[in-house]
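Please work through the following exercises on side-chain contacts and surface exposure. Each task is followed by a solution in steps.

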Amino acid sequence: MLKYDSKEILDYIIKCRRQLHIIPEIGNYLPKTKEFVINELNKFKNIKYTENKKDSGIIAYITAENNTKTVALRADMDALPIKEETNFEYKSCNGNMHACGHDAHTAILLGACKILNDNIDKIKGNIKFLFQTGEETGSGAKIMIEENALKDVEAIFGVHVGSFAPEAPNGVFVIQEGPILASTDKIIIKIKGKGTHGAYPHAGSDPIVMAAEIINALQTIITREIEASETVILSLCKINGGSAFNIIPDSVEIEGTIRTFSNDVREFFIKRIEEKSKLIAQSMRGEAEINIIEYSCVTYNDREITESIKNEALKIFSKDAVWNKYYKPSLAGEDFSYYTKEIKGCFALFSTVTDKKIPNHNSKFEIDESKLNMPSELMANWAYNFLNS
């Protein structure tokens with residue numbers, strides 16, 4: 001069993017989290033955040049690290065003499081371009097905000113580093129600590145993989161705080177096998193017609209009418225071509241075209257998002273969107289061009305790894321620390337999915353919900369910090385026991 005003081009770990013995490021909350025940075029270039037994390041890592045004599053070449057990501061690691069196994073623990077560090085509207089003393093004032101809890105994730109992983117650093121004599125393998133950028137843009141995990149973060153790694157574990165399960169009280173984990181978060185794609189459909197005067201529509205090819213036909217037709221793929229038991233969402237949220245009330249434009253552009261819990265269904269749906277959009281436009285003397293931007297694939301929790309993490313949580317804490325109800329997977333996306341696409345892993349949710357139950361990605365987002373030591377302890381103990389098993 002690892003030795004540590006839970007109160008000491010909690011105090012350390014809260015201190016780190018609040019300092020990170022003041023300096024939120026977005027995307028893949030996070031110089032202040034990176035500097036803070038490196039300064040903390042330098043305090044742990046048994047932990048080394050490398051800096052990514054392509055972004056501000058950091059791969060820290062413990063290498064034991066008997067290095068037969070390697071596991072990875074992951075945290076994302078980037079924030080959102082949201083102006084914070086809270087009254088905390090440590091609120092951000094730079095126009096960005098840690099409105100999704102990534103400041104807590106980074107602090108939690110530093111807490112795990114602290115626990116494992118102080119128990120180096122008990123560790124029988126290698127542990128990688130992935131401090132990742134760009135989760136909100138779906139780019140950070142891909143860069144980590146390109147930087148060989150998963151080399152020799154057998155399993156990976158990550159945690160997300162917030163109110164994904166608002167009915168779960170603070171300090172409760174959702175640890176569930178199978179799909180836990182959806183694939184996330186941005187879809188852009190560019191429809192090209194032929195502009196003309198609104199009084200003479202026969203002289204052109206109306207892309208607005210084409211767009212209307214395509215919008216309606218794409219929903220029928222879900223209702224008539226995909227099994228009803230599958231969860232698929234197509235939300236077309238933006239349409240742009242035209243400049244005056246009496247001019248038929250040359251083109252219209254539609255943007256939206258696709259969400260599903262099956263990578264196979266996702267591939268089929270995208271294929272049919274492309275086919276149907278092009279055929280409809282062609283039948284109306286126009287053209288359609290489809291562009292899909294992938295932000296994440298399905299976040300899928302491996303049964304074996306998930307079970308080992310759940311058992312560890314029950315052993316360290318109590319049965320009340322793990323949600324005992326079925327969690328309906330969220331249609332939010334996570335680029336942690338790129339790790340679990342390559343290796344076995346588990347992505348757990350940890351409730352930090354307050355009485356206000358403010359959702360993630362809100363300008364007033366807040367978390368209950370009182371039990372943030374729990375994810376750190378779970379990460380550290382799971383890594384230790386997995387390596388020793």
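The exercises below treat salt bridges, aromatic pairs and a charged surface patch in turn.

The model is predicted, so local features need pLDDT of at least 70, side-chain atom pairs count only at pLDDT 80 or more, and totals for chains, interfaces and linings use all residues. Residues are numbered from 1 along each chain as its sequence is written, and side-chain values use heavy atoms, with hydrogens and water left out.

**Exercise 1. Salt bridges of helix H1**

Task: Determine which side chains meet Lys-7 and Asp-103 in salt bridges, and classify the exposure of each residue.

Solution.

Step 1. The criterion is a side-chain nitrogen of Lys or Arg within 4 Å of a carboxyl oxygen of Asp or Glu. A search of the whole structure under this criterion finds 24 salt bridges.

Step 2. Lys-7 is bridged to Asp-11, with an N to O distance of 2.7 Å. Both residues belong to helix H1 and are 4 residues apart, about one turn of the helix. Helices (H or I, at least four residues) and strands (E, at least two) are DSSP runs, numbered from the N terminus.

Step 3. For exposure, buried means under 20% relative accessible area, exposed over 50%, and partly exposed in between (1.4 Å probe, protein chains only). Lys-7 counts as exposed because its relative accessibility is 52%, whereas Asp-11, at 37%, counts as partly exposed.

Step 4. Asp-103 meets Arg-17 at 3.0 Å, N to O. This pair links distant parts of the chain: Asp-103 is in helix H3 (residues 102-117) and Arg-17 in helix H1, 86 residues apart. Asp-103 and Arg-17 are both buried.

**Exercise 2. A bridge between helices**

Task: Identify the helices that hold Arg-272 and Glu-225, and state which network includes both residues.

Solution.

Step 1. The side chains of Arg-272 and Glu-225 form a salt bridge of 2.6 Å, N to O.

Step 2. Arg-272 lies in helix H6 and Glu-225 in helix H5 (residues 207-225), so the bridge ties together parts that are 47 residues apart in sequence.

Step 3. With a relative accessible area of 19%, Arg-272 is buried; Glu-225, at 29%, is partly exposed.

Step 4. The salt-bridge network consists of Glu-225, Lys-271, Arg-272, Glu-275 and Lys-276.

**Exercise 3. Aromatic pairs**

Task: How many aromatic pairs are there, and what is the geometry of the pair formed by Tyr-12 and Phe-44?

Solution.

Step 1. Rings of Phe, Tyr and Trp (its six-membered ring) pair if their centres lie within 6.5 Å; planes under 30 degrees apart count as stacked, over 60 as edge-to-face and the rest as tilted. The count by this rule is 8 aromatic pairs.

Step 2. Tyr-12 and Phe-44 are edge-to-face, at 6.4 Å centre to centre and 70° between the planes. Tyr-12 is in helix H1 (residues 6-22) and Phe-44 in the loop between helix H2 (31-41) and strand E1 (48-51), 32 residues apart.

Step 3. Tyr-12 is buried at 10% relative accessibility, and Phe-44 is buried at 7%.

Step 4. Phe-336 and Tyr-339 form another edge-to-face pair, with 5.6 Å between centres and 75° between planes; both are buried.

**Exercise 4. A charged patch**

Task: Which residues gather with Asp-264 in a patch of negative charge on the surface?

Solution.

Step 1. A charged patch joins like charges within 9 Å, using residues with over 30% relative accessible area and no salt bridge; Asp and Glu count as negative.

Step 2. Asp-264 gathers with Glu-227, Glu-230 and Glu-267.

Step 3. Asp-264 lies in helix H6 (residues 263-283) and is exposed, with a relative accessible area of 61%.

Methods. Patch = residues over 30% accessible without salt bridge, like charges linked within 9 Å, V, L, I, M, F, W, Y side chains within 5 Å. Areas by Shrake-Rupley, 256 points an atom, 1.4 Å probe, with all protein chains shown as cover. Charge placed at Lys NZ, Arg CZ, Asp CG, Glu CD.
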